[in-house]
Amino acid sequence: MDPVENDKLTTTAVVETDEVLAPGQTYRSVSDRVSDMVLTWPVGIRWLAGLAMALTLLFILNIALGWVFTIGVGVWGINIPVGWGFAITNFVWWIGIGHAGTLISAFLLLMRQKWRTSINRFAEAMTIFAVACAGLFPLAHMGRPWLFFWLLPYPDTMGVWPQFRSPLVWDVFAVSTYLTVSLVFWYVGLLPDLGTLRDRAKKRVTKMIYGIVALGWRGSAEHWSRYETCSLLLAGLATPLVVSVHTVVSFDFTIAVLPGWHSTIFPPYFVAGAIYSGFAMVLTLAIPLRKYYHLEGFITMKHLDFMGKVMLATGLVVAYSYVMEAFMSFYSGNTYDRYMMMNRMTGPYAKVFWTLIFCNLVGPQVLWISKIRRNPWALFVISLVVQAGMWLERFVIIVTSLHRDFIPSSWGMFYPTRWDYMTFLGTLGLFFTLFYLFIRFLPMIAIHELRDLVHKTEHEKAAAAH
Amino acid sequence: MPQLFHRSMNTISRVSIVGVTLLIGGLGYLAWAVNQSPYYTRAKLQLEQPVPFSHKHHTMDDGIDCRYCHTSVENSGFAGIPSTETCMTCHSQIWTNSVMLEPVRASYATGHSLEWARVNALPDFVYFNHSIHVKKGIGCTTCHGQLGEMPITWKENTLYMRWCIDCHKHPEQYVRHREDVFRPVYDPPKDQIAMGRQLVKDYKIRSLITCDTCHR
Amino acid sequence: MAKHMKDLKPQDAPTDLVQIAAQPGSARARFWRSVEEWEGDGAVEKAAAKEFPRGRVPNTGPGGLNRRDLLKIMGASAGLAGLTACTKLPPERIVPYVRQPEEFVPGIPLFYATAMPFGGVGRGLLVESHMGRPTKVEGNPDHSSSLGGTDVFGQASVLTLYDPDRSQTPSHFGKVASWEQFIEDLGNHLVDERSTGGKGLRILTGTITSPTLADQIQSLLNEFPGARWHQYEPCGRDAAREGSRLAFGQYASSVYRLDKAEVVLSLDSDFMFGEPGSLRYARDFAGRRRMTDPSGSSNRLYAVESTPSVTGSLADHRLQLRSSAVEGLARALASAVGVGGGGSSEPPTGVPADWIAAVANDLKAHRGASLVVTGDRQPAAVHALVHAMNQALGNAGQTVVYTAPLEANPTDETKSLKDLVTAMDAGQVRTLILMGVNPIYNAPADVPFLAAMQKVDFRVHLGLFIDETAAQCHWQIPEAHYLEAWGDVRCYDGTVSIIQPLIAPLYGGRSALEMLAILRGQTYASAHDVVRDYWQREAVAGRVTAGGAGFENFWETSLNNGWVEGTAFAPKQAAANAGAIPASSAAIAEGLELVLLPSPSLWDGSLASNAWLQELPQPFTKLTWDNALLISPGTAAQLGLKREDVVKVQVEGREISAPVFILPGQATNSLTLHLGYGRTLAGAVGTGVGANAYSIRTSLAPWIITGVRLAKTNATYHLVTTQNNHLIEQNGQRSEEESDAAFDRRVVRVGTLDEYRSNPEFAQDPPDMTTEAQSLYPPYDYSQGYSWGMSIDLNTCIGCNACVVACYAENNIAVVGKDEVDNGRDMQWIRVDTYFRGDLENPEAYNEIMLCQHCENAPCEYVCPVGATVHSPEGLNLMVYNRCVGTRYCSNNCPYKVRRFNFKLYSDWETPSFYPLRNPDVTVRSRGVMEKCTYCVQRIMETKIKAEREDRVVEDGEILTACQQTCPTEAIVFGNLNDPNSKVTKLKAQRRDYGLLRDLNTRPRTTYLARLKNPNPEIKG
């Protein structure tokens, strides 16, 4: 079969639908559609091209980090007073993106939201990859990264421990916990599908590989019941993490005395922002995927519509936070806060500030219009705009607060160097490399849950018939 | 459908679960063990010296006081390493043609210093001060071991920071009477703790564990 | 690391120094500046410079990266450099003495009294020596010239000693040669000279005050009757000398007694910085305005100047006036205070009508307790007028005394240089001996020294460096640094100090004394014997009183004290003859004037190779690594000039290109350019930094040049400052953004004496602003043991930068180079902030020392994830370098931004000549760690241990921080807050004591005493 043909697995026709699942789907059809995406060889040209691009960026990351480790963080634009620059911006941004996945898979599971079914798998994958990218930065931004383990509590030869009042230490725990739980949750969810793939695979070696990672899943009733309990427990475990992680990350700022950082509104504001950007990323990935793999039947208009609504909601929370932040700094009557806010709006970084206001506040308001929410490409553009906006938000919070704080003699500026940009682009490379590999070798949609969904929908139909 | 795996796989997988856990634990222990081992700490290792100097002989047999050679131990941070001249004060009289002492005589003749291998070395960011420890009743042997029993000198302790801190936190367990400080062999008395508590009072010993005590 | 030093032997130093001498590459590699200063492919090196501040230039491609590096880096990133975490120590050697010197106790530094000649005049010093290595220079507290203070030049001199760019062997036509060869070659020429009575022999030195040296030169001249001795000091005091001759008919030196002066008028003078007596003057002046309580009194300073100066920063009334107009003002004042003769009463334009009358009245009201001073930059006539005024005001003998000239052979040095050039040009000079001078760089532009010198067939240069002049000489002979050689020197009041060396010459250099001995055929005479002989003769002749105990004792005492008893000049009765003062020289030229001043960092340029001074932010401008054409905002706007525009300064056919720097406080139509830059041969550090102002300096107008034209070019040149200043304009009022914010936030607090008396609390925070009670944590009890704190008196701080350099030397602070300073990564632990208040055309400038405030509730501490910065029970905010992992969170959270981060490997770990320079009691920081002011914790600990050994407590004043010890005005006081009688406790008890950002509840241990002004009520505005 010609590889390009391969890419469009033109088995089922494109049907835009308003249900969470296109009509006429059977257990077999869903299983075929999803497992074929993984089991069909050879791989498509376009997938290869995409992977190649991702790998190039990954290579750039390698160089950038290598240079940082060889010379020191001085290769970046950071200085005194601006001690944190792109590195921490990226960290917060990626962590934020990492939120949607667990929210969808865990939170919505507890909420019994049917529409999570076909998006949770790759959303979770996205989460894990995003957190992996984020995890790089706390390490890379250290002056002496080879001593990172001093942030971990272990009985060392010096008889000293980490300084537990520091939010950076909490970060270590929060992020690593989040990564572990998400990873386990994701893997557990994969087990039944890995079993399916093992059974459907043609080549023996493929069978073996999927067989091993399936950990002997046989799909017995006992397995299923344990599976259900387990995923429910993990969901319960993961849900609070969605809130805790970014709350802790926001403490990195709120704990400090800096005007622009020292603010009680940060935790909710950061969590909302995280979900905001997270869903944006889910859309950024979902829309091309459904188009490219013709998954309109599974990732339907309803999904896009829902996600659009979630973005709108979280976007409004973020907007509210912006307004309150500005209001409070003026209302407080505190010289430093006032100056900080004025400086954000009119100072050297004003352009960045207003761009972010447009990206996060003004732009997304079009989501009120359901036509837009149901137009994949419009959504796609908005999702990109929002992610850009969220990145800028973190940049503004970090840089504008630092560059002009209390004592005017120490005011300065931050100018990113090419190594700043390379590090950022590099992590995109890491993210997409992992994601490309994921969609090729693992089922990007939970087959067993789709089957379950088919069952449910038919059941409902039957019920309606009687 | 034929069986994909042999039934032994069940056992293997079960074992592997336990195995991996044990492996990780084992590696952790190994790391710790290496870290404590003389290989890493260089404690109790006898180093190659230009002259096989015996503290045992000089302090016990000859009864030479520590301060005869380590002159500045009481008034400087650095205890002082004897100059060749110091060695020669005796060895120009005794053992004058001993082969063992040839390097010393050579040094004295040529004016080139003896190069001893440093036995107790601290990192350069650690500012240890001998004089104050001696003043506060911490004996030589407390850190350097029973020198009076060392035919060739080795490093007695790890000199890890945790080891320093231990004494700084519990000086009463180690402090001794000032007159005993320079005893080359010393065993703490039965009532060390009681005596220690008393001496801590008398010598106004404060438990200094703030960083600037050693790091500047 | 530094601590190794303890185990090394002094005699090691020369050997390894000689080794590195062979590799100028390594030297050149050390510091980084702008690309312009690099020969060769700028782009590549620029790229490298960005990554390697100390310029360990890698094999870099245009991207600053090539395949090899790439692979290396990939490896590094792959391994995440994790393995380097293993801290296993390498086996160390321990190397004792063969014969241990008596005085040495290993690990305990020794202090020796000596003196540093600067511009030919001495300052008494105490130099700290670690195991035979001078590491730190302090003022000699018992020496009349300093009373313990030092300035930037003294502090930095220790770096020059270890400068790897120093000349290290005799060289003949640039080729390494031996001493024997030199002595033989010299001998041959001298044979000829003897035959002709030395007609062709000329010696050029700087200003010489050293009695022994003068005596040696004299005896040389006796042997060679035809020989001539010329002196030339580029930033010399010709005007002052000529002024005294005009007034008194003979040369005389003036010594000010500022401790007696109630009212001081400074006419374009910077008497508290750089002059022979400056350190003492600053100390005395500060003493008269140190207020203990509102009832206290303060002296009053009127400063007339064309550019902001260290002295002017303390002025109660600062009058901006073009330097060329000062003479007019002086004449007007002179007649106003009743000087007959040369006076003319109409004031020059730009002087407020009431000003002269008011000042004159104030001066007259304080007969005998007032003082008028003027600067070396002002013409002789003004100096003469000032002498006349002081006499008319009855100050002569009171606040100013006249003594015999300090110079052994006072002369018009410019003329002396010209004579030499004429002689050389006429081919009369066959042998030229240059000692410690660099005329090819710093001779006036209208004196063609180079051309003339080419005609001399044997030229010998004795100097620390292979400089512009050395490169044009047959022989370059390494000179011994003053810390390496015996000698003597006169200080501002005539006191003679014996210069005793702290270390054997690192490169076997010879001092001027030894050079002269060689000239006299005494090839191997030691400077020590020469100096000793001279003073023995003096003692025998009874010119100095050896005392009963005989010469030995006299010699020992002189060395111990650091000066020779009874050598201070006795005051002379001198009557100033106002009639002799020439009438006004021409009408004041309109248009632009250009004032050339010695650089506040590099002075006359001889210090250009000193990286500490190059990186030092210059007062007011905060410029580093460059000089610039200083111009007032108004004049700049008028000429359409922006900061960093490169302009051509044109004077009588000569021109020089320099970047513009807009400086508030600069007089209208008056430009200032600092000398000492634009060196073409000053080693890796100094070469090509800035513009060479000597190239437009003439012998007729050495300081003040009128009728200057500016030609704007399209070029711009990037200037780097450590403090931003954004000039803004709001409703017609031009001001400076940072300064405005600073005063809104009450960072600097200023009041007049009257305000202070009426409201002593004026400097205090409003009660609602201090949140000290509101902490959630129970306050820590500091009442036991010691509790360290610091008080800084803004009323006496002159912002002279001495503390900054002292900190460099004491704390092994790294130099980062221009590019990194530009990135905002300068490493100074203590800095001098400058804020301007009022209209930028005539602002008040305020300096504020900023260093770690050692907050009791330190924001930096609780954010550090590894506890690398913690608090001590004595209230010190500790920084533990070896624990720091470099998250920079502490710096982000420091409201004072006083923390400094090693973004790259800034400390030079490679150049061996820097090892002995380092203070062994302070860790040398590595890449990726934070650092900051520690209140010199190493000094605190050493003293505490000493006290404990002696079973006593540390006394007040026993611990001096480096900045405090060096401060000429004693503006910084450190001590134990738990001691009710300590100086610092008393100062903090004053009601003008305030802490910065108290509203953040940081509870800083460093607090400030508000600045007080003592204006003359007669002067409005």
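These exercises work through local features of a predicted model.

**Exercise 1. The setting of C:Thr431**

Task: State where C:Thr431 sits in chain C, and decide whether C:Thr431 is buried or exposed.

Solution:
- Step 1. Locate the residue. C:Thr431 belongs to strand β15 of chain C, which covers residues 431-435.
- Step 2. Read the accessibility. The relative value for C:Thr431 is 1%.
- Step 3. Apply the cut-off. Buried means under 20% relative accessible area. C:Thr431 therefore counts as buried.
- Step 4. List the surroundings. Leaving aside residues up to four places away in sequence, C:Thr431 touches C:His189, C:Glu193, C:Gly200, C:Leu201, C:Arg202, C:Val456, C:Asp457 and C:Phe458.
- Step 5. Look for a polar partner. The side chains of C:Thr431 and C:Glu193 make a polar contact at 2.8 Å.

**Exercise 2. Cysteines and disulfides**

Task: Find how many disulfides the structure holds over all chains. Then explain why B:Cys164 and C:Cys797 have no bond to their closest cysteine sulfurs.

Solution:
- Step 1. Count. Over all chains, the structure holds zero disulfides.
- Step 2. Recall the criterion. A disulfide needs two cysteine sulfur atoms within 2.5 Å.
- Step 3. Test B:Cys164. Its closest cysteine sulfur is in B:Cys214, 6.4 Å away, so the pair is too far apart for a bond.
- Step 4. Test C:Cys797. Here the closest cysteine sulfur belongs to C:Cys967, at 6.6 Å, and this too is too far for a bond.
- Step 5. Add the exposure. B:Cys164 is partly exposed at 30% relative accessibility, whereas C:Cys797 is buried at 7%.

**Exercise 3. A helix pair in chain C**

Task: Describe how α5(C) and α24(C) pack, and name the residues that make the contact.

Solution:
- Step 1. Identify the helices. In chain C, α5 covers residues 152-161 and α24 covers residues 802-810.
- Step 2. Take the geometry. The packing angle is about 20°, and the axes are 8 Å apart.
- Step 3. Classify the angle. Angles under 35 degrees count as roughly parallel. The two helices, α5(C) and α24(C), are therefore roughly parallel to each other.
- Step 4. Assign the hand. The crossing of α5(C) past α24(C) is left-handed.
- Step 5. Name the contact residues. From α5(C) come C:Val152, C:Gln155 and C:Ala156; from α24(C) come C:Ala802, C:Val805, C:Ala806 and C:Ala809.

**Exercise 4. Backbone features in chain A loops**

Task: Which residues does a cis peptide bond join in chain A, and where does A:His294 lie?

Solution:
- Step 1. Find the cis bond. A:Ile80 and A:Pro81 are joined by a cis peptide bond, with omega about 15°.
- Step 2. Place A:Pro81. This proline is in the loop between α3 (45-71) and α4 (86-97) of chain A.
- Step 3. Turn to phi. A:His294 is not a glycine, yet its phi is positive, about 55°.
- Step 4. Place A:His294. The loop between α10 (266-292) and α11 (301-331) of chain A holds this residue.
- Step 5. Check exposure. With 22% relative accessible area, A:His294 is partly exposed.

**Exercise 5. Helix α22 and the residue after it**

Task: List the buried residues of α22(C) and say what covers them. Then describe C:Arg746.

Solution:
- Step 1. List. C:Glu738, C:Ser739, C:Ala741, C:Ala742 and C:Phe743 are the buried residues of α22(C).
- Step 2. Find the cover. It includes β29 (733-736), β32 (831-837) and β33 (844-850) of chain C.
- Step 3. Move past the helix. Just after α22(C), C:Arg746 has a positive phi of about 55°.
- Step 4. Place C:Arg746. The residue lies in the loop between α22 (737-744) and β30 (750-752) of chain C.
- Step 5. Check exposure. C:Arg746 is partly exposed, at 25% relative accessibility.

Methods:
Residues numbered from 1 in each chain as written. Chains lettered and ligands numbered in written order. Predicted model: local features only at pLDDT ≥ 70, side-chain atom pairs only at ≥ 80, totals over all residues. Heavy atoms only, no water. Helix = DSSP H or I, 4+ residues; strand = E, 2+ residues; numbered from the N terminus. Buried < 20%, exposed > 50% of the residue type's maximum accessible area, 1.4 Å probe, protein only. Polar contact = N/O pair within 3.5 Å; in protein donor to acceptor, adjacent residues only side chain to side chain. Contact = heavy atoms within 4.5 Å. Axes fitted to C-alpha atoms, helices over the stretch in contact; angles between N-to-C directions. Parallel < 35°, antiparallel > 145°, perpendicular 65-115°, else oblique. Left-handed = near helix turned anticlockwise from the far one by under 90°.
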